[in-house]
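Here's an informal look at how this fold is put together, starting with the sheet and moving on to what packs around it. Have the model open as you read.

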Amino acid sequence: DVCPECRKIRPYFSSAYSACLYEGSLKELIHKFKYDNRRTLSGIFTAIMLDFIEDNPGIIKGIDAITFVPLHKKRALVRAFNQSELLARLIGVKLGIPVIGCLEKTRVTRNQNELSREQRLVNLEGAFRISANIKSDAVKGADMLIIDDVMTTGTTLNETSRALMGRDAKLVRCLTLARGI
């Protein structure tokens, strides 16, 4: 179903799916994964996402490549890994779909989870682009799947989708582990 808030914007992605709700124990585990370097949780999270895909095969139907939401270089140094990339790479291997790191974050932004809904909608405007080292035909005409850990307002997924569509991706779908409420 389309949430009432999502109806207010015209997204660049064609659809967005989340395997779980971002609450309770899962919320705590996602925080440990991202901020306490608990990479071993990636196996559990990937299994959940793969089960969800198995129940909803339309998510990957016709997908040419998987990509992920990038971290800015400074944040990547602090965190030491990109949780979305780790999930995407594990999912790509299991599904036999190539994973390409074709997006980059162009500037440091405030953490989305620290902002109000209105602030989130503008915080990431224009913050993503296709990496300079990516060949133009890697995205052009491709059906892409973006992987991220959590979707709340959809702003991050929308802005990364905008970058892909700006490089003539044919279709962008999104999949997250959890959906904030």
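In this predicted model, strand 2 and strand 5 pair in the parallel sense, with four bridges between them. One residue to pick out on strand 2 is Ile66, whose bridge partner in strand 5 is Leu145.

Zooming out, that pair belongs to an open sheet of four strands, ordered 1-6-5-2, with parallel pairing. At the edges sit strand 1 (15-21) and strand 2, each pairing on one side only. From one strand to the next, the twist averages 25°.

Now for the helices on the sheet. Helix 2 packs against it, touching strand 1, strand 5 and strand 6, while helix 4 lies across strand 2 and strand 5.

| Helix | Strand used for the angle | Angle between directions |
|---|---|---|
| Helix 2 | Strand 6 | about 125° |
| Helix 4 | Strand 5 | about 130° |

What about the nonpolar side chains? The largest nonpolar core has 27 residues, and Ile30, Phe45, Ile66, Ile147 and Leu175 have the most contacts inside it. At least two residues each come from helix 1 (24-35), helix 2 (41-55), strand 2 (65-68), helix 4 (83-95), strand 5 (143-151) and strand 6 (171-179). Helix 2 gives the most, with six residues.

Ile30 is a nice one to click on: beyond its neighbours within four places in sequence, it is in contact with Tyr22, Phe45, Asp149, Val150, Leu177 and Ala178. There's also a second, separate core of 21 residues, including Val69, Ala127, Val139 and Met144.

Key: Residues numbered from 1 in each chain as written. Predicted model: local features only at pLDDT ≥ 70, side-chain atom pairs only at ≥ 80, totals over all residues. Heavy atoms only, no water. Core = buried A, V, L, I, M, F, W, Y, C linked by side-chain atoms within 4.5 Å. Buried < 20%, exposed > 50% of the residue type's maximum accessible area, 1.4 Å probe, protein only. Contact = heavy atoms within 4.5 Å. Pairing = 2+ DSSP bridges. Axes fitted to C-alpha atoms, helices over the stretch in contact; angles between N-to-C directions.
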